[in-house]
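Welcome, and thanks for taking a look at this one. Please have the sequence and the model open side by side while you read the notes that follow.

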Amino acid sequence: MRILLASKPSSVRVSAAGAWRIFAPDGVTPVAVTNPGERWLLEREGRRVSARREDSRAVPLRESSVLVRPLDPGGTIAFNGRQWRGELLVSAGDDGLVVVNRLRMDDYLRGVVPLEIGTTSQGDAAAVEAQAVTARSYAVARLGGSSRAYDMTATTQDQVYGGADAETRVGNASVEATEGLVLLYRGAVADAPYHANCGGTTAAPPDSWRTSAEPYLQRVSDRIPGTNRYYCDGAPRFRWTRTFERNELREAIGRYVRALPGGAGGIGAVTNV
């Protein structure tokens with residue numbers, strides 16, 4: 001997996017508790033001798049990256065990108081206040097340094113599942129396993145799917161990912177118990193985005209994105225059978241209120257309508273919602 005962690009800082013600090021190294025882009029050639037506990041500063045200089053120990057001069061390093069990796073396969077690299085498994089690819093971008101975490105799928109999921117389902121109870125193991133399968137399917141559907149230097153972000157734009165610090169016992173167990181399992185539809189991995197809250201009923205993909213409908217993603221009610229409750233009514237934003245002035249509401253709806261096929265004419269006056 002290639003997960004974008006940062007895209008605009010002019011410098012980043014990295015370190016590790018165990019043995020680690022900074023490598024050239026080939027991932028084999030060491031370009032800086034680092035020791036456990038040291039903090040190194042990586043900075044953007046034009047289209048290249050420079051590196052120096054915080055209390056020392058810069059080393060003669062002028063690479064377009066560098067790889068920061070623990071020497072122990074189970075080790076982590078510290079960046080931005082968190083610990084990350086795998087390795088960090090730090091490159092010079094147009095607006096700053098680009099930091100991408102490259103790691104194994106299931107190591108990535110260990111940092112996703114607890115944040116997306118929000119439970120640490122062993123009694124919820126079955127639900128956590130379902131979340132692991134869903135998150136793995138979402139990730140597989142996005143592997144190598146663009147010309148970007150990464151597959152996904154670490155935010156709600158894709159899946160919330162917090163690195164090794166986010167891991168929990170029940171989360172790790174769910175990832176291990178479902179190893180290799182994904183959702184399939186007619187032999188292909190199902191691209192099935194999920195959410196914390198649907199407000200009482202789900203929507204079809206074309207309602208939210210410029211995409212075609214999927215047979216396996218139909219609008220359904222979220223109501224718990226036989227009750228007046230909903231499965232997601234525990235979400236903090238299940239119910240909310242926002243007030244619009246008439247002209248503000250008309251313009252907001254008009255922008256949406258004009259983006260639809262045949263909606264170039266916009267709308268008339270909003271009289272009721």
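Is Y161 buried or exposed? At 5% relative accessibility, Y161 counts as buried, since the cut-off for that class is under 20%. Keep in mind that this is a predicted model. The protein chain has 273 residues, and buried ones make up 40% of them.

**Overall picture**

- The secondary structure of the protein chain comes to six helices and 14 strands.
- Measuring tape in hand, so to speak, you would find that the C-alpha trace spans about 65 × 50 × 35 Å along its principal axes.
- Take the contacts between residues at least 6 apart in sequence: 60% of these join residues at least 24 apart.

**Aromatic pairs**

- The chain holds five aromatic pairs.
- One of them is formed by W84 and Y161, with 5.4 Å from centre to centre and 55° between the planes, and it is tilted.
- This pair links distant parts of the chain, as W84 belongs to strand β9 (residues 82–84) and Y161 to the loop between β12 (152–153) and α4, 77 residues apart.
- W84 has 5% relative accessibility, so W84 counts as buried.
- Y230 and F238 also form a tilted pair, because their ring centres are 5.6 Å apart and their planes stand at 40°.
- With 17% relative accessibility for Y230 and 10% for F238, Y230 counts as buried, and F238 does too.
- W84 and Y161 come together with Y108 in one aromatic cluster.

**Helix α4**

- Helix α4 covers residues 169–177, and its buried residues are V170, G171, N172, S174 and V175.
- An α-helix has 3.6 residues a turn, so residues three or four places apart point the same way.
- Among the elements that cover the buried residues of α4 are α1 (105–110), α2 and α3.
- The N-terminal end of α4 is capped by T168, which places a side-chain oxygen 3.0 Å from the backbone nitrogen of G171.

**The largest pocket**

- Rolling a probe the size of a water molecule over the atoms shows where empty space is left.
- The largest pocket holds about 1400 Å³ of space.
- Its lining is made up of 39 residues, and the closest to the pocket centre are P193, Y194, H195, A196 and N197.
- Two or more lining residues come from each of α2 (113–117), α3 (125–140) and α5 (205–208).
- Which element gives the largest share of the lining? That is α3, with five residues.
- By residue class, the lining divides into 23 nonpolar, twelve polar and four charged residues.

**Around S91 in strand β10**

- S91 sits in strand β10, which covers residues 87–92.
- Its relative accessibility is 18%, so S91 counts as buried.
- Leaving aside residues up to four places away in sequence, S91 touches V49, S64, S65, G96, L97 and V98.

**To take with you**

- Helix α3 appears in two of these topics: α3 helps to cover the buried residues of α4, and α3 also gives five residues to the lining of the largest pocket.
- Y161 likewise ties points together, as the partner of W84 in a tilted pair and as a member of the aromatic cluster with W84 and Y108.

Methods. Residues numbered from 1 in each chain as written. Predicted model: local features only at pLDDT ≥ 70, side-chain atom pairs only at ≥ 80, totals over all residues. Heavy atoms only, no water. 1 Å grid on protein atoms, 1.4 Å probe; cavity = no way out; pocket = protein on both sides within 12 Å on 5 of 7 lines; lining within 4 Å. Points joined across faces, edges and corners; volume = space filled by probe spheres on them. Helix = DSSP H or I, 4+ residues; strand = E, 2+ residues; numbered from the N terminus. Nonpolar A, V, L, I, M, F, W, Y, C, P; charged D, E, K, R; others polar. Buried < 20%, exposed > 50% of the residue type's maximum accessible area, 1.4 Å probe, protein only. Contact = heavy atoms within 4.5 Å. Polar contact = N/O pair within 3.5 Å; in protein donor to acceptor, adjacent residues only side chain to side chain. Phe/Tyr/Trp six-rings, centres within 6.5 Å; stacked < 30°, edge-to-face > 60°.
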